[in-house]
Every structure is written in C-alpha cells, then in structure tokens.
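Grab a pencil and open the viewer. Below are some exercises, each with a solution you can follow step by step.

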Amino acid sequence: MTDATANPALDDIVSAFQIEGLPVRGRVVRLGAAVDEVLTRHDYPEPVANLLGEACALAALVGSSLKFEGRLIIQAQGDGPVRYVVVDYDTTGGLRGYCRFDPEEVAQISEGFARPGAKTLLGGGVFIMTLDQGADMDRYQGVTPIEGETLALCAEQYFKQSEQTPTRVRLAVGQADTGEGLKWRAGGILIQSIAGDETRGETQEAWTHAQAFFETTGEDELIDPSLGTPTLLWRLFNEDGVRLIEDKPLRSFCRCSDDRIAVVIQSFTEAEKAEMIEPDGKIHVTCEYCSRVYAVAPDEVGV
C-alpha cells in the first residue's frame, strides 16, 4: 500500500518504446481506474485480486502490439485454489477479466507471511494466449505449462517456447490512497530483443546490456500514481537513451448485453429454461465479468 498524489493523465495508458541504438523494443503499461473497476466488481481476496491485476497488465502489454482488429485472451487454469483466471483485451483498448476460485482454499494458503503467487494459486496447469481476429478467421492459441510464481515468468516462458523471442516481463499490483480511499493499481514493463541480421549483426550483447537495466525496475515504480512513463523509462535507460513511439488509452469494459444474454438462454432446452424461472417469474443471469444481473422475462426467450 502506498500514499501518493494521483495524476489521472498518467494512468490507463500503454506506451511502446525503443531503446536508442539497441535492437531492443518494449512497452510500459500503467493502470489506475480501469483495473480498479475490474477488481472491485467482485469481492476478491487480496491474493486473487493481485493475480487478476497481473493478468490485466500483461494482457495490455501483449495485446497493444497486435496489428489487427480483434482480441487477445490471456488465461491460466489449474488444479489449485484459483481454478481459472482470464482477461480479454480488445484492440480498441478495452479490458475485462475475472477469476474462479475456492475461498476456503485461498484463505488456507494465504496464512503465511509471503503473498501466494501464480504457481501457488493455480497449482499444476497451463498458461494460454489466444488471438481472435474475428468470426471469419481461425483463432491462434499458444499453450505452455504454468511455471514460476508470477504470470510474468509464465509469459516469458510462453514467448521463449511459442515465438522464440527473447522477452522479459515485470508486473506489479497494489493499492494506493490518493485522497479517495484505497484504489487498486497495476503496472508492467516488457522488453524484447530484435533478431539479428546482416545489418544489425549479432544482438546478444545488446540484449544482455538492456536486461541489466531492466532488472533495476522496482515494483513500486510501476504502480506509483505520481510517476509518469517518460520519467520511468528515463530512470531505466538514460545511459543509452529511449524514445517513446506511441501511447494507447485503456479502459474497463464488458461485452455483455440484453441481446447476448438472450442468445445464451435460448441455447438451452425448453425444460431447462423452465427450471431457470425464479419466484419473481423471471430468469436471472449474472455476467461473470462485470457482475451485472439481467432479469429476463420468459416470453422474451421463448418460454
């Protein structure tokens, strides 16, 4: 938890950058109101909220690099106290996400001094990235085992195995009191090595050099509400110089709607729909992402 003065203009932005003179590119994300809205829609225990916050920051870092209109879905599922975490990033900058978990199991593993990380929460399972380019295109999905105590390590392993791209990721989640009570924040930074060629030559030495500065990134810096991305990048890479390429705004959103809910209900049989009718005479459906409750009249869905 930190106490600071927030500057909303610094938040809910993912920024691409290039380290001057080095074949290394990256992105930085800073999430304020957008991630707070995602995490406070559900009554998540702190370790679960931290895991989902990490997933939101990671989805923004990776999704903002996509060159098509569509979605990136990041999910991890296992046999641990958290069964499932998923974040849906829309290339217009929208984020939504949720977790399924066993409250008693999460409370049990949270009794120690150390905050449980991804491996402890998810147990044995898989980390998945899915690219969705729309109804007319096939989805691309990459799957790797859950390794390491953070989703950052899972992502690094994913890029190593699925794309053979040397990648480093750091993620941070926390709460800050900026005068309006405690609010959730999340941040992250990603760097990637650009492959060598006849023009660049061998790039391993430059990659090692960039990683040395990357390692100095503090989690507190990634979620500091008063620290802007240009200042953070200058702290890390001022020896070489760093150039911001573009900023993309981020926001919390949800895809649920009356029409979508009606389509879901209509996929059930007549008998199943009849059993869904509650004492008030309506069918109630709660969106797993945003917790909005829909009360649907049976005659609207053919009952």
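Before you start, here is how to sort residues: Ala, Val, Leu, Ile, Met, Phe, Trp, Tyr, Cys and Pro count as nonpolar, Asp, Glu, Lys and Arg count as charged, and the others, Gly among them, count as polar. Keep in mind that this is a predicted model.

**Exercise 1. The largest pocket**

Work out how much space lies in the largest pocket, which residues are closest to its centre, and how its lining divides by class.

Solution.
- Step 1: Start with the space, which is about 430 Å³ for the largest pocket.
- Step 2: Look for the centre. The lining has 23 residues, and the closest to the centre are Arg27, Ser65, Leu66, Lys67 and Gln192.
- Step 3: Ask which elements contribute. At least two lining residues each come from β2 (13-19), β3, β7 (125-132), α5 (151-163) and β11 (242-249). The largest share belongs to β2, with four residues.
- Step 4: Now use the classes. The lining splits into eleven nonpolar, six polar and six charged residues.

**Exercise 2. The largest cavity**

Find out how many cavities of 30 Å³ or more the structure holds, and what lines the largest cavity.

Solution.
- Step 1: Count them: there is one cavity of 30 Å³ or more. The space in the largest cavity is about 30 Å³.
- Step 2: Pick out the lining, which is made of Ala55, Ile74, Gln75, Ala76, Val85, Val86, Val87, Phe127 and Leu151.
- Step 3: Spot the strands. β4 (71-78) and β5 (82-90) each give at least two residues to this lining.
- Step 4: Sort by class again, and you get eight nonpolar residues, one polar and no charged ones.

**Exercise 3. An open sheet**

Trace the order of the six strands in the open sheet, and say which strands are at the edges.

Solution.
- Step 1: Follow the order β8-β7-β4-β5-β6-β12, where the pairing is mixed.
- Step 2: Check the edges. β8 (140-145) and β12 each pair on one side only, and that makes them the edge strands.
- Step 3: Zoom in on one pair. β5 and β6 run antiparallel to each other, with seven bridges. Here Val82 sits opposite Phe101 in β6.
- Step 4: Go back to the edge strand β8, where you'll find Thr144. Is Thr144 buried or exposed? The cut-off for buried is under 20% relative accessible area. Thr144 has 1% relative accessibility, so it counts as buried.
- Step 5: See what surrounds this residue. Leaving out residues up to four places away in sequence, Thr144 touches Val126, Phe127, Cys154, Gln157, Tyr158, Gln161 and Ser162.

**Exercise 4. Two hairpins**

Describe the hairpin of β9 and β10, then the hairpin of β13 and β14.

Solution.
- Step 1: Take β9 (residues 167-177). Nine of its eleven residues are buried, so the rest of the structure largely encloses this strand.
- Step 2: Add its partner. β9 is joined to β10 (residues 182-193) by eleven bridges, and the two run antiparallel. One of the residue pairs is Gly174 with Arg185 in β10.
- Step 3: Look at the turn. Four residues lie between β9 and β10, and Gly179 in the turn has a positive phi of about 105°.
- Step 4: Move along β10 to Ser193. Its relative accessibility is 8%, so Ser193 counts as buried. Beyond residues up to four places away in sequence, Ser193 touches Pro23, Thr165, Pro166, Thr203 and Trp207.
- Step 5: Switch to the other hairpin. β13 (residues 283-286) and β14 (residues 293-296) are antiparallel and joined by four bridges, and Thr286 stands opposite Val293 in β14. Six residues lie between these strands, and Ser291 takes a positive phi near 70°.

**Exercise 5. Arg30 and a helix**

Decide whether Arg30 is buried or exposed, then list the buried residues of α1.

Solution.
- Step 1: Locate Arg30 in strand β3 (residues 24-31).
- Step 2: Read its relative accessibility: at 1%, Arg30 counts as buried.
- Step 3: Find a polar partner. A polar atom of the Arg30 side chain is 2.5 Å from the backbone oxygen of Leu227.
- Step 4: Turn to helix α1 (residues 33-40), where Ala34, Val35, Asp36, Val38 and Leu39 are buried. Their cover includes β3, α2 (46-63), β6 (94-101), β10 and β12 (251-252).

Note on methods. Residues are numbered from 1 along each chain as its sequence is written. This is a predicted model: local features need pLDDT of at least 70, side-chain atom pairs count only at pLDDT 80 or more; totals for chains, interfaces and linings use all residues. Side-chain values use heavy atoms; hydrogens and water are left out. Buried means under 20% relative accessible area, exposed over 50%, partly exposed in between (1.4 Å probe, protein chains only). A polar contact is a pair of N or O atoms within 3.5 Å; within protein, one must be able to donate a hydrogen and the other to accept it, and residues adjacent in sequence count only if both atoms are side-chain atoms. Two strands pair if DSSP finds at least two bridges between them. Contact means heavy atoms within 4.5 Å. On a 1 Å grid over the protein atoms alone, a cavity is a set of points where a 1.4 Å probe fits but cannot get out, and a pocket is an open set with protein on both sides within 12 Å along at least five of seven lines; lining residues have an atom within 4 Å of a point. Grid points are joined across faces, edges and corners, and a volume is the space filled by probe spheres set on the points.
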